[in-house]
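Morning, everyone. Please have a look at the model on the screen while I talk.

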Amino acid sequence: METPGSQTSLHRANLERVVRAVRMAGSLTQAEIARATGLSAATVSNIVRELKEGGTVEVTPTSAGGRRARSVSLSGDAGIVIGVDFGHTHLRVAVGNLAHQVLAEEAEPLDVDASAADGFDRAEQLVKRLIATTGIGQDKVVGVGLGVPGPIDVSSGTLGSTSILPGWSGINPGQELSARLGVPVYVDNDANLGALGELVWGGGRGVRDLAYIKVASGVGAGLVIDGQIYRGPGGTAGEIGHITLDESGPVCRCGNRGCLETFAAARYVLPLLQPSHGPDLTMERVVQLAREGDPGCRRVIADVGRHVGSGVANLCNLLNPSRVVLGGDLAEAGELVLVPIRESVSRYAIPSAARQLSVAPGALGGRAEVLGALALVLSEMGDSTLLDTSASAGRPSGPRSASRAAAEATTGAFI
């Protein structure tokens with residue numbers, strides 16, 4: 001029996017520290033593990049040998065700083081994680097292993113607003129199909145990360161605003177998908193997952209305070225404060241799209257007038273160009289035309305950038321982030337949208353906050369949210385489970401409580 005402070009419990013704690021460091025980074029050399037955990041090189045060496053013999057980790061020769069080293073990663077048999085991203089017009093699913101490798105990934109068009117049941121049916125089918133393509137048994141799935149385009153009520157687990165997804169009223173997305181797949185599901189909104197993806201593997205690596213701005217059918221922000229996603233007590237932090245820009249402006253779906261969303265979201269912006277560019281115009285097409293020199297599309301993107309920049313300036317004044325990462329289709333416009341964002345920040349933000357801020361497009365593109373969903377599972381699953389499960393055993397018994405969702409900067413990368 002393990003007792004607090006005993007040699008057995010101390011050894012177990014050290015094992016878990018090593019496993020967690022490797023799990024969050026994907027792979028580390030033994031020297032990097034020692035630095036990350038604070039354990040001595042000799043202790044790390046002994047623990048790695050024990051974990052390798054138990055089938056928990058794999059060790060491969062590598063080099064670091066021109067010297068021979070050994071790279072440690074979790075065993076390919078340790079389990080797989082699933083990321084599911086529901087957008088308003090798409091469904092994207094990715095399957096990854098615990099060594100931070102994407103084994104399969106696919107996206108398909110989907111009108112998520114129409115029917116929650118249809119969305120979950122499609123997600124279940126796509127998840128099972130992708131798992132089958134990997135040749136890994138479904139019993140190896142240790143958890144699923146799920147992103148939805150709306151705020152999640154922390155206390156109930158349901159979508160916080162039925163005006164965003166009216167067909168999902170009263171639905172608990174995590175419970176619904178967990179019942180279908182038979183594994184734990186962790187849920188967050190798409191902006192938070194985009195922030196998590198960029199923080200861990202994209203444009204936010206190495207940054208402790210950032211905001212991920214997603215401009216799509218709506219406008220939202222994922223906030224990272226001191227290295228962790230900030231959700232607020234009700235789960236609605238980051239609703240930057242409902243900052244008021246004009247009290248006499250268009251009526252927003254939230255009931256207020258002149259919200260940022262009414263000047264920047266695709267549903268409000270596209271009608272400005274459809275009379276001259278056709279009814280089937282998409283934001284992706286607007287960006288493409290703008291990059292090709294279309295004056296109307298360039299003007300609209302510049303206007304959107306200035307409005308988004310006003311919202312970013314408010315974030316600067318309140319939270320003083322060091323980086324803003326722009327996601328969604330609009331990010332593909334590059335400097336056409338980033339320049340007006342920066343100009344608005346320079347005009348409206350406190351000068352000291354504006355000087356410290358960098359504004360950049362996301363590095364992960366449309367994959368940010370689904371990779372963030374994978375990262376959510378990796379940050380939530382328990383290390384003790386992996387230690388209790390050898391390569392020949394069944395799937396882990398399940399991850400720890402989802403109440404401890406936290407984004408952590410790492411050195412690994414999904415490939």
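I will go through a sheet, the helices on it, and then one serine. Keep in mind that this is a predicted model.

Start with the sheet. It is open, with 5 strands. The order is β6-β5-β4-β7-β8, and the pairing is mixed. Which strands are at the edges? They are β6 and β8, residues 185–189, and each pairs on one side only. On average, neighbouring strands of this sheet are turned by 15 degrees against each other, direction ignored.

Now the helices. Helix α4, residues 116–134, packs on the sheet. Helix α4 touches β4, β5, β6 and β7, which is residues 141–148. Its direction makes about 150 degrees with that of β6. Helix α6, residues 190–201, packs on the sheet too. Helix α6 touches β4, β7 and β8, and makes about 100 degrees with the direction of β8.

Next, some pairing detail. β4, residues 80–86, runs antiparallel to β5, with 7 bridges. F86 has L91 in β5 as its bridge partner. β5, residues 90–97, is also joined to β6, residues 102–109, by 7 bridges, again antiparallel. There, H90 sits opposite P109 of β6. The hairpin of β5 and β6 has 4 residues between the strands. Look at H100 in that hairpin: its phi is positive, near 70 degrees.

Last stop, S344. You will find it in helix α11, residues 335–348. Is S344 buried or exposed? Buried, because its relative accessibility is 6%, and the cut-off for buried is under 20%. What does S344 contact, leaving aside neighbours within four places in sequence? R306, G309, S310, A313 and A349.

That's my tour. Questions, please.

Notes:
Residues numbered from 1 in each chain as written. Predicted model: local features only at pLDDT ≥ 70, side-chain atom pairs only at ≥ 80, totals over all residues. Heavy atoms only, no water. Pairing = 2+ DSSP bridges. Helix = DSSP H or I, 4+ residues; strand = E, 2+ residues; numbered from the N terminus. Buried < 20%, exposed > 50% of the residue type's maximum accessible area, 1.4 Å probe, protein only. Contact = heavy atoms within 4.5 Å. Axes fitted to C-alpha atoms, helices over the stretch in contact; angles between N-to-C directions.
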